[in-house]
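Visitor: I should like to look closely at one part of this structure and see how it is placed among its neighbours. Could you please guide me through it in a connected way?

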Amino acid sequence: MMIDDKEARLRALDPKTSFIVQAPAGSGKTELLIQRFLVLLGTVTQPEEIIGITFTKKSAAEMRARIMHALHQALQKKKPESLHAQKTLELAEKVLQQNESLQWNLLESPHRLRLQTIDSFNAYLTRQLPILSRFGANPDITDDATPLYRQAAQEFLSHLEENHPWSDAIATIIFHMDNDLTKVEMLLVNLLAKRDQWLRYIILNSHDPVLRKTLEKSLESIVTDALQNLDLHLPKKYRDELLYLLKFSSKNLRENNKESPIASCLYLRNIPEPTLNHSKYWLAIAELLLTKSNQWRKRFDKDIGFLPADFYKNSNEKKLAQDAKQRIFSLIENLKNEKNLLSAFEELRLAPAFTYQESQWKILDALHTALKVVTAELHVVFQQQGKIDYIENALAADTALGTDESPTDLNLLLDYQIKHILVDEFQDTSNNQYQLLKKLSAGWEVGDGRTFFLVGDPMQSIYRFREAEVGIFIRTRQHGIGNIPLQSLTLTTNFRSTPAILDWINEHFHHIFPSFDDIATGAVSYSRSKAHDTELTEHSHVTLHAFKNAEEETEAKAITKLIKQYKNQYPAEKIAILVRSRTHLRHIVLALKKAHIPYRAINIDPLIERPFIQDLIALTRALFHVADRVAWLAILRAPWCGLSLSDLFILSNSHTKKSLWEQLQTDSIFDELSSDGQERLQRILPILKAKMAERYRKNTRYWIESTWLLLGGPACLEEKSDLEDADAYFNLLEKYEKNSELLNLDTLYEHAGLLYAKAETHTDDTLHIMTIHNAKGLEFDTVILPSLQRKASHDEKQLLLWMDQPRQDGKSALIIAPIQGVGKNSDPIYDYIKRQHAIKNNYEKNRLLYVAATRAKKRLDLFFNIKDKETVNTHSLLEELWPLVKNKISYQESFPHETHDKTYVRHIKRFPLPWKNPIQERNLTEDMAYHQKNPGFQLKDPLPKYRGILIHQILQQMSYFGISWWQEKDFSVTSSYLKKHLLQLGMPHTDLNTEIEFIHQAIKNILNDERGKWILFPHQEAEAEYRLTATIQGKSRQLIMDRTFVNDNIRWIIDYKTSIFNRENLSEFLLEEQKKYQQQMFYYFEAMRSKDKRPIRMGLYFPLIPAWQEWTFEV
């Protein structure tokens, strides 16, 4: 079967031409990218001359896998059936010839294909120059940098009462926010998470008039663009008539002393030029033609300069007034038919003022200072933690390339090496990513053989929250990148959906999408698609399921019923429930569970809503904070204890000045409780007493997890998968432990809220639940879209709003405005930016519905619930669709409401008495009990743990008494010593002889190693197991250093590591170990530096190898 857009697809394979390709949903863009890559491989001398950039690791891996598959298919001479696959095979065969002649060895070395994400490409750039060296060796890139932002913000705000140059700026901001320090901290954290957007604009000194002038120039450019756009859309054939009516109105207003902007237009000779100094006249025209709500006027009265005819006594004047009124109505009717004219008037009216008021500039000045300092604080935090975020990685990459005027050697080298750049999903490019592409191609010239190939679909641009700017796609299509013009191609063939699906999508989205493209607002017009296989019509449909005033459970039941029907009819086909927000799924998930319908869900079911996770959080809070009454009541009510409400009432109302834990230590309180309550407390109190004695003596994960195990936590679970979900919480605790942080329970709760239940591994693969954003790039036989009438949550106000507005001339205009103060009038510039963001969000909302609908191959079911007056929520996915379908629907009957007996009592879930826990204390040792990926509790091999403890003890004794303490003992004596201590640790008898022999050999290695003997030597100020409490980064930390001493006026801090080396490259292993323990050693360094001003060096000693790794944190 022929492909309608075959010519465009073949044109895209011209290796000498740069293209930007609009590839709508289902158009096979990945196949086209692969073909282009294969074509280019046939023209280069090295495969590394081509770079393919994607936005996800999955996409990069898929492209590499498909290219390699094509090469293997070509090697095996397997001819596919489809024409486009045959073309891919043909291109792959040519690449194999190139591969053989130039000895690339691609089949053995697929890594030579440079297909990578934008983040990994940034990391590659930063590795070429020591840009990140100030953060230590190879800092980690963290997925969640919020704790780092918060630490930087808190450190910055702590300078409020100190005499720093920026202390006044902090005070100004806090006063502006009504002294709400917590809110200011939160707003600063949000800004740090987006600093890549504003950082380049705060380099100038805020007192420098250039900064204010630059920002106000941007404000002027916004107004200028609006004026030029209005001038463009106002037809010349109506201008004389408009001028006459404008002057008529102006004359009347002046004569009657009416204040109006129209009054200034009396002496105009022509419709004004679209310049700033004429903007008041254009606003007067808008006043004449439009109402305050920016709609065409339907009436003209004396306030607009159109007096009633009976006002005039002179017949000629009456006739002129009647004639003018008829003419203004006629003009309005004509202008109504002019496409985009009304929106152009509205754009001008909503444009911001040209200049900042002094009150605005004062707070903006303070924010400018604050943002520079808080960014510097963040760099300090990065250095301390050995971590950076993706933004810092991208900024470092940008720095590594230099500027257009002064490119770095790396940029010049890449300019020589890189011949072709392919970018997938170009519609999701941010301004910073676009600038990176410009820098990489700064030296390119037209016709020099270097090309861009940009593929994307602006109709699927739905990632504004990740700073994607669809206006960049539109602007690049019009102006190219740098010096390189791009030929524009549009694909129209859809290989995914049936004609029934595509016909409905074409019919409706042609009206839902705007009729124009606009760089500034991100408006994207609709591009139609045509089904490749026109015969796929059987069992394909689009169905609207409309309810009126129905409960959410009603929709959920209807969806569940429909899924059962589809599963019976099409058991092997895939179904997806796609939602805008996870909160829209609550009743659907409950209905599916009640109907025993299995499903796969990714990041949908929040663990914090699970009762056993809530119990775990309460247990953590109670053990850490004895005075937390709510937490203690929660754990006493939890199933492992299960006190009745009456018993809890007695506990909570007796001795209110005492904590519940203190009350539970007294016998008198027991006498007041029921016999059932007494028995239940007698079971758990010994466990809690033992565990309370372990506070701060055990690592957090073990302490909480072992307490939970002994209380009977696993018996509270209902599904096997709950074990993995509980493990996710324990992993969260372990994460804090690895960072050596004292637990911040508020932060813990915040992070627990980001945990989601894992997908059921045992379920079938036919029903999927996910958000629309997560579904992008996927396809399903049936797509169900629930709750289209619901709105998404509103964005919180930000301390600073900014907008990097793409302009028609290819440049950008930055607009910045501070948040209005508490109780103050709104800021017009802030409101303008907010309004522009709302316009962009509204366009993106419609694109989100398009993405959801185009996931469907055969069936599309849309569900919505309408109120009595048939009004639809603004900003809902249904908003623009509703006018197109409201006359075509019939409402479905609601399911009858379930009635509940008013005397229904919810029974408490608790263990029966007597209940015996199969897990006992003797079964648990620290770090032994933990969850693995397979359901159920596993016992970790404890032997390395015992071995490490005992070797540490022996090295400590040698440090105190010298190596002779061990050397002078007979082998039988040392064996007896080892046996005794291993048994005390819990070592099974069956492993004793092997471990004794192993440790003997390890000690022998140490004593034969010069480095080992140097470490154990009685140096100046030598200490072993040196305990130190220090305040680091505002937190109190208890530290234990294995070994520290002074040698040649250098303070050494050494940690013993009993890791076993079983790889080829020892240097790589040692670097990895240094990276693993970087944070721990940094805390030792900070603690020691506060009391010792001598140079400090760090060392890791591996006695089992033996091996040594040293470094310093000092610059």
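Guide: In this predicted model, Ile-575, Ile-577 and Val-579 point one way from strand 12, while Ala-576 and Leu-578 point the other way, and all of them are buried. Strand 12 covers residues 575-579, and 5 of its 5 residues are buried, so the strand is largely enclosed by the rest of the structure.

The next matter is what lies beside strand 12. Strand 14, residues 767-771, runs parallel to strand 12 and is joined to it by 5 bridges. Within this pairing, Val-579 stands opposite Thr-771 in strand 14. Strand 15, residues 780-785, also runs parallel to strand 12, and 3 bridges join the two. Here Ala-576 has Val-783 of strand 15 as its bridge partner.

These pairings belong to a wider sheet. Its 6 strands form an open sheet with parallel pairing, in the order 11-18-15-12-14-13. Strand 11 (541-548) and strand 13 (600-601) stand at the edges; each has a single partner strand, so one side of each is left without a neighbour in the sheet. From strand 15 one may continue to strand 18, residues 856-866, since these two strands pair in the parallel sense over 5 bridges. Leu-785 has Leu-862 in strand 18 as its bridge partner.

Helices lie across this sheet. Helix 33, residues 828-853, lies across strand 12, strand 15 and strand 18, and runs at about 140 degrees to strand 15. Helix 20, residues 499-512, lies across strand 11 and strand 18, and its angle to strand 18 is about 45 degrees.

The loop between strand 10 (530-531) and strand 11 contains Thr-534. With a relative accessibility of 45%, Thr-534 counts as partly exposed, whereas the residues of strand 12 are buried. Thr-534 and Leu-688 are 154 residues apart along the chain, and their C-alpha atoms are separated by 70 Å.

A second sheet may be set beside the one just described. It too is open, with 6 strands in parallel pairing, and its order is 3-2-6-7-1-8. Strand 3 (114-117) and strand 8 (487-490) stand at its edges, each with a single partner strand, so one side of each has no neighbour in the sheet. On average, neighbouring strands of this sheet are turned by 15 degrees against each other, direction ignored. Strand 1, residues 19-22, and strand 7, residues 451-456, run parallel and are joined by 4 bridges. Phe-19 stands opposite Phe-453 in strand 7.

This sheet also has helices packed on it. Helix 2, residues 29-41, lies across strand 1, strand 2 (50-54), strand 3, strand 6 (420-423) and strand 7, and runs at about 170 degrees to strand 7. Helix 3, residues 57-75, packs on the sheet as well, where it touches strand 2 and strand 3; its direction makes about 160 degrees with that of strand 3.

The nonpolar cores come next. The largest has 55 residues, of which Leu-636, Trp-640, Leu-681 and Trp-708 touch the most other members. Helix 23, residues 611-624, supplies the largest share of this core, 9 residues. Leaving aside residues up to four places away in sequence, Leu-636 touches Cys-641, Gly-642, Leu-643, Leu-648, Leu-651, Leu-664, Leu-681 and Ile-684. A second, separate core has 54 residues, including Leu-157, Ala-370, Ile-388 and Ile-829.

Finally, the aromatic rings deserve attention. The count of aromatic pairs comes to 37. In one of them, the rings of Trp-1111 and Phe-1113 have centres 6.1 Å apart and planes at 80 degrees; planes over 60 degrees apart count as edge-to-face, so this pair is edge-to-face. Both Trp-1111 and Phe-1113 are buried. Elsewhere, Tyr-244, Phe-248, Phe-300, Phe-306 and Phe-329 form one aromatic cluster. Rings also receive charged side chains. Arg-859 has its charged end over the ring of Tyr-566, 5.5 Å from the ring centre. Arg-947 lies over the face of Phe-998, at 4.3 Å from the centre of that ring.

Note on methods
Residues numbered from 1 in each chain as written. Heavy atoms only, no water. Pairing = 2+ DSSP bridges. Axes fitted to C-alpha atoms, helices over the stretch in contact; angles between N-to-C directions. Contact = heavy atoms within 4.5 Å. Buried < 20%, exposed > 50% of the residue type's maximum accessible area, 1.4 Å probe, protein only. Phe/Tyr/Trp six-rings, centres within 6.5 Å; stacked < 30°, edge-to-face > 60°. Lys NZ or Arg CZ within 6 Å of the ring centre and 35° of its normal. Core = buried A, V, L, I, M, F, W, Y, C linked by side-chain atoms within 4.5 Å.
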